Amino acid sequence: NLHKANLHKANLHKANLSKANLVGANLVGANLDEASLSKANLVGANLVGATLREANLSKANLSGAYLNGANLSKAKLSEADLRDAKLSKANLSKANLIGANLRYTNLERANLNGADLTSANLIRANLRGANLKESNLGRADLTESNLSHTDLSETDLFQACLIGANLRSANLNDADLDEANLNGAIWNNETIFPKEFPQPER
């Protein structure tokens with residue numbers, strides 16, 4: 001039981017913390033590269049600036065956690081609960097977020113290049129200025145999400161739900177919007193849609 005533990009800048013490289021209770025723990029700047037945190041409880045934990053490269057966080061509960069500026073490149077976050085988590089400027093490049101719950105999550109200016117967000121819940125998530133280039137958002141729910149100034153070029157949005165999404169100044173060049181639902185989406189003259197794609201009704 002590591003409830004509210006102080007693990008500031010701790011070296012937990014390859015540590016086995018599966019199903020651990022880390023609620024409210026201080027993991028600021030900790031090294032959790034390749035650590036096993038599957039099904040761990042990290043509700044409200046502070047992981048600002050921590051490194052979690054290739055860490056296994058599948059089915060972990062990270063709701064309300066602070067991950068600003070954390071490095072989660074190639075991390076496994078499938079079916080993880082990240083509701084209302086703070087991930088601004090975090091590195092999630094090539095991360096596995098299949099089926100993850102990112103409802104109300106702050107991902108402003110996060111790097112999600114090449115990430116797999118298939119069937120993820122991103123309802124009302126803040127992705128302003130994020131890099132989602134070449135990511136997979138197939139069947140993801142982006143209802144009323146903020147995608148303004150976001151790079152969605154070459155992104156797979158097959159059957160994605162973008163109802164009421166904010167696409168102002170977003171770059172959707174070469175994105176796959178086949179069967180995507182853009183009802184009520186908002187865009188402006190700076191929004192770049194794929195060539196030959198009919199602009200959605202305002």
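**Burial, contacts and ring packing in a predicted model**

Of the 202 residues of the protein, 49% count as buried. The coordinates analysed here are those of a predicted model. The protein contains zero helices and zero strands. Its radius of gyration is 17 Å, close to the 17 Å that the globule rule gives for 202 residues, so the protein is as compact as a globular protein of that length. Along the principal axes, the C-alpha atoms occupy a box of roughly 55 × 20 × 20 Å. Among contacts in the protein with a separation of 6 or more, residues 24 or more positions apart contribute 0%.

Two alanines illustrate the contacts made by buried positions. Ala 25 has a relative accessible area of 0% and is therefore buried, the limit being under 20%. When neighbours within four places in sequence are set aside, the residues in contact with Ala 25 are Leu 2, Lys 4, Ala 5, Ala 45 and Asn 46. Between Ala 25 and Leu 47, which stand 22 residues apart in sequence, the C-alpha to C-alpha distance is 8.4 Å. Ala 100 is likewise counted as buried, at 0% relative accessibility. Outside the four places on either side in sequence, Ala 100 touches Leu 77, Glu 79, Ala 80, Ala 120 and Asn 121. A distance of 15 Å separates the C-alpha atoms of Ala 100 and Leu 127, which lie 27 residues apart along the chain.

A search for enclosed space across the whole structure returned one cavity of 30 Å³ or more. In general terms, empty space is revealed by rolling a probe the size of a water molecule over the atoms. The largest cavity holds about 40 Å³ of space. Its lining consists of Leu 47, Leu 52, Leu 57, Leu 62, Leu 67, Leu 72, Leu 77, Leu 82 and Leu 87. By class, this lining comprises nine nonpolar residues, with no polar and no charged residues. Two of these leucines also appear in the description of the alanines: Leu 77 is in contact with Ala 100, and the C-alpha atom of Leu 47 is 8.4 Å from that of Ala 25.

The aromatic side chains were examined next. Two aromatic pairs are present in the structure. In one of them, Trp 187 and Phe 193 are arranged edge-to-face, with 6.0 Å from centre to centre and 85° between the planes. Both Trp 187 and Phe 193 are buried. The other pair joins Phe 193 to Phe 197; the ring centres are 5.9 Å apart and the planes meet at 20°, so this pair is stacked. Phe 193 has a relative accessible area of 10% and is buried, whereas Phe 197, at 23%, is partly exposed. Through these ring pairs, Trp 187, Phe 193 and Phe 197 are linked into a cluster.

Backbone geometry was also considered. Most residues other than glycine have a negative phi. Glu 134, a residue other than glycine, has a positive phi near 60°. Its relative accessibility of 45% places Glu 134 among the partly exposed residues, because that class lies between the 20% limit for buried and the 50% limit for exposed. His 149, also not a glycine, has a positive phi of about 60°. With a relative accessibility of 44%, His 149 counts as partly exposed.

Notes: Residues numbered from 1 in each chain as written. Predicted model: local features only at pLDDT ≥ 70, side-chain atom pairs only at ≥ 80, totals over all residues. Heavy atoms only, no water. Buried < 20%, exposed > 50% of the residue type's maximum accessible area, 1.4 Å probe, protein only. Phe/Tyr/Trp six-rings, centres within 6.5 Å; stacked < 30°, edge-to-face > 60°. 1 Å grid on protein atoms, 1.4 Å probe; cavity = no way out; pocket = protein on both sides within 12 Å on 5 of 7 lines; lining within 4 Å. Points joined across faces, edges and corners; volume = space filled by probe spheres on them. Nonpolar A, V, L, I, M, F, W, Y, C, P; charged D, E, K, R; others polar. Helix = DSSP H or I, 4+ residues; strand = E, 2+ residues; numbered from the N terminus. Rg over C-alpha atoms; globule rule 2.2 N^0.38 Å. Contact = heavy atoms within 4.5 Å.
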